[in-house]
Amino acid sequence: MAVVLPEVFAQIPRYPLLYNHSSPIHSLPRTSQRATGTSPRLALFAKREDQSSPLACAGNKYRKLEYIIPDILSASPQHHDHEHAETPTPSPGAATTLVTEGAVQSNHTVQVSALARQLGLNALVLLQKGTGAGFRTARDPDAFLRSGNVQMNRMLGAEVRILDEGDPLSRDARPVLEELRARGQRPYWIPGGASMHALGGLGYARAAMEIAVQEKELRLGGSGRFDYVFVACGSGSTVGGLVAGFKLYEKMRTSSSSTASSSSTTAAATAAPPRQIIGVLNSPTNPKPYHETRVLTFARRAGALIGLDPETDLGAEDVRLDDRFVGTGYGVLDVEAREALETMARTEGMILDPVYTAKVARGMLHWVQQGEVVADARRNGNHSDEVNVLFIHTGGQAALGAYADVV
Ligand SMILES: *Cc1c(COP(=O)(O)O)cnc(C)c1O
């Protein structure tokens with residue numbers, strides 16, 4: 001089954017980086033089995049965004065970048081400027097150099113570097129020692145600076161600049177863009193995680209539509225859909241996009257079922273409470289309300305582009321973030337997250353990443369094992385005999401080499 005987007009959404013240009021089939025969803029049989037004995041039954045699945053693209057180190061950033069590329073390749077890019085720019089820098093022509101930033105072990109920068117090479121462009125990445133505590137707490141700081149994603153960026157031929165803690169460029173990279181312009185290049189700035197980019201939320205809005213198709217193909221029990229979706233919340237547009245996309249899907253479905261004669265499955269789905277998207281925070285740097293505001297902004301921004309009314313269709317109640325699993329620092333693998341990473345490896349044969357998905361798995365396992373999924377489902381009026389839970393694997397395993405001493 002193909003992903004069918006409503007007209008407004010389908011018209012937004014997208015340059016494919018993913019395979020032309022959905023990223024796989026498979027069950028997590030051992031984890032589901034361990035969760036039995038509870039009533040309702042819990043059925044757990046994983047969506048493999050780490051297997052979504054043939055490009056290097058596939059992960060969630062490629063989906064976001066698909067919608068940004070048309071602007072990158074345009075003769076007059078609209079969104080090439082730094083987010084701090086007050087007056088837009090005139091756009092002198094198609095980009096020659098992609099510039100972005102991240103922590104030392106950023107997955108996002110690697111995906112931007114690989115994209116640049118595929119488009120025949122240059123890449124310059126700013127890796128910040130001061131973002132989070134990954135570098136500061138590394139047992140072997142020299143190894144941390146040359147292994148994992150740093151190695152990937154270099155292998156892809158990106159210009160890698162490592163910024164010390166407190167370097168003013170970590171707050172505002174505009175001087176780097178100026179420097180490139182002075183060298184005759186046309187830089188295109190992609191904000192960290194691509195979330196602040198005007199088009200950054202569209203990829204995961206489309207992913208929600210893709211998941212809705214996969215729910216049908218998988219013939220899920222219970223409500224017939226993923227009642228709970230656990231996903232990392234870092235810079236926030238992955239969660240924000242999903243929230244907007246599922247809203248759009250529900251809106252389309254309810255408007256079509258009120259006109260067409262509704263089948264019994266539609267009736268069952270109508271009765272089920274909306275899918276709960278749980279964004280698991282992985283950094284204690286900023287408090288939960290900071291992320292809630294951002295995620296809602298990203299959801300509304302994407303929502304406005306895909307045909308929702310951002311103010312009436314999307315509200316604070318759509319954003320559910322859990323900050324109990326952030327651990328001791330961004331980029332620091334705490335004991336509990338390491339246990340979750342090992343559990344997933346040793347029970348499901350699935351390798352997670354040390355910065356994001358290990359913490360999401362820890363959070364999801366907590367919700368499952370402590371009965372929180374069931375209690376929350378019942379509270380929401382979900383009385384099925386089976387509750388379906390989806391874990392979104394957003395990639396990032398290339399960072400593991402830099403965490404060799406901890407894992
Ligand atoms: C960037 C990233 C995330 C977080 O996604 P956001 O959209 O920034 O919230 C999660 N997992 C991995 C592996 C990532 O690289």
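Colleague: In which sense do strand β1 (residues 25-27) and β2 pair?
Modeller: This is a predicted model: local features need pLDDT of at least 70, side-chain atom pairs count only at pLDDT 80 or more, and totals for chains, interfaces and linings use all residues. Numbering starts from 1 along each chain's sequence, and side-chain values use heavy atoms, without hydrogens or water. Strands (E, at least two residues) and helices (H or I, at least four) are DSSP runs numbered from the N terminus, and strands pair at two bridges or more, that is, at least two by DSSP. Three bridges join β1 and β2, and the sense is antiparallel.

Colleague: Which residue in β2 is the bridge partner of Ser27?
Modeller: Ser27 has its bridge partner in β2. That partner is Phe45.

Colleague: Which residue in β10 stands opposite Leu44?
Modeller: β2 and strand β10 (residues 386-393) run parallel, joined by eight bridges. Opposite Leu44, in β10, stands Val389.

Colleague: How many of the eight residues of β2 are buried?
Modeller: Buried means under 20% relative accessible area, exposed over 50%, partly exposed in between (1.4 Å probe, protein chains only). β2 is mostly covered. Of its eight residues, the buried ones number seven.

Colleague: How many residues apart are Phe45 and Phe226?
Modeller: The whole structure holds seven aromatic pairs (ring centres of Phe, Tyr or the six-membered ring of Trp within 6.5 Å; planes under 30 degrees apart stacked, over 60 edge-to-face, the rest tilted). Phe45 and Phe226 form one of them, edge-to-face at 5.5 Å centre to centre and 70° between the planes. Phe45 sits in strand β2 (residues 41-48) and Phe226 in the loop between α10 (202-217) and β7 (228-233), so the pair links distant parts of the chain, and the two are 181 residues apart.

Colleague: Are Phe45 and Phe226 buried or exposed?
Modeller: Both rings of this pair belong to residues with one answer. Phe45 and Phe226 are buried.

Colleague: Why is the pair of Tyr228 and Trp367 tilted, and not another type?
Modeller: The ring centres of Tyr228 and Trp367 are 6.3 Å apart. The pair counts as tilted because the planes lie at 45°.

Colleague: Where does Trp367 lie?
Modeller: Its partner Tyr228 is in strand β7, 139 residues apart from Trp367. Tyr228 is buried at 1% relative accessibility, and Trp367 is buried too, at 6%. Trp367 lies in helix α16 (residues 357-369).

Colleague: Which residues are linked by ring pairs into a cluster?
Modeller: The cluster has two Phe residues and a Tyr. They are Phe135, Phe144 and Tyr403.

Colleague: What percentage of the ligand's accessible area does the protein cover?
Modeller: Oxygen atoms of the ligand lie 2.5 Å from a polar side-chain atom of Ser235, 2.6 Å from a side-chain N or O of Thr238 and 2.8 Å from one of Asn107. On its own the ligand has 380 Å² of accessible area (Shrake-Rupley, 1.4 Å probe; for residues, only the protein chains shown count as cover). The protein covers 98%.

Colleague: Which residue in β4 does Gly102 stand opposite?
Modeller: Six of the seven residues of strand β4 (residues 122-128) are buried, so this strand is largely enclosed by the rest of the structure. Strand β3 (residues 97-103) runs parallel to β4, joined by seven bridges. Gly102 stands opposite Leu127.

Colleague: Which residue's backbone nitrogen does the side chain of Asp167 reach?
Modeller: Asp167 sits in the loop between β5 (159-163) and α8 (168-171). At 22% relative accessibility, Asp167 is partly exposed. Its C-alpha is 23 Å from that of Arg139, 28 residues apart along the chain. At 2.8 Å, the Asp167 side chain reaches the backbone nitrogen of Leu169.

Notes. A polar contact is a pair of N or O atoms within 3.5 Å; within protein, one must be able to donate a hydrogen and the other to accept it, and residues adjacent in sequence count only if both atoms are side-chain atoms.
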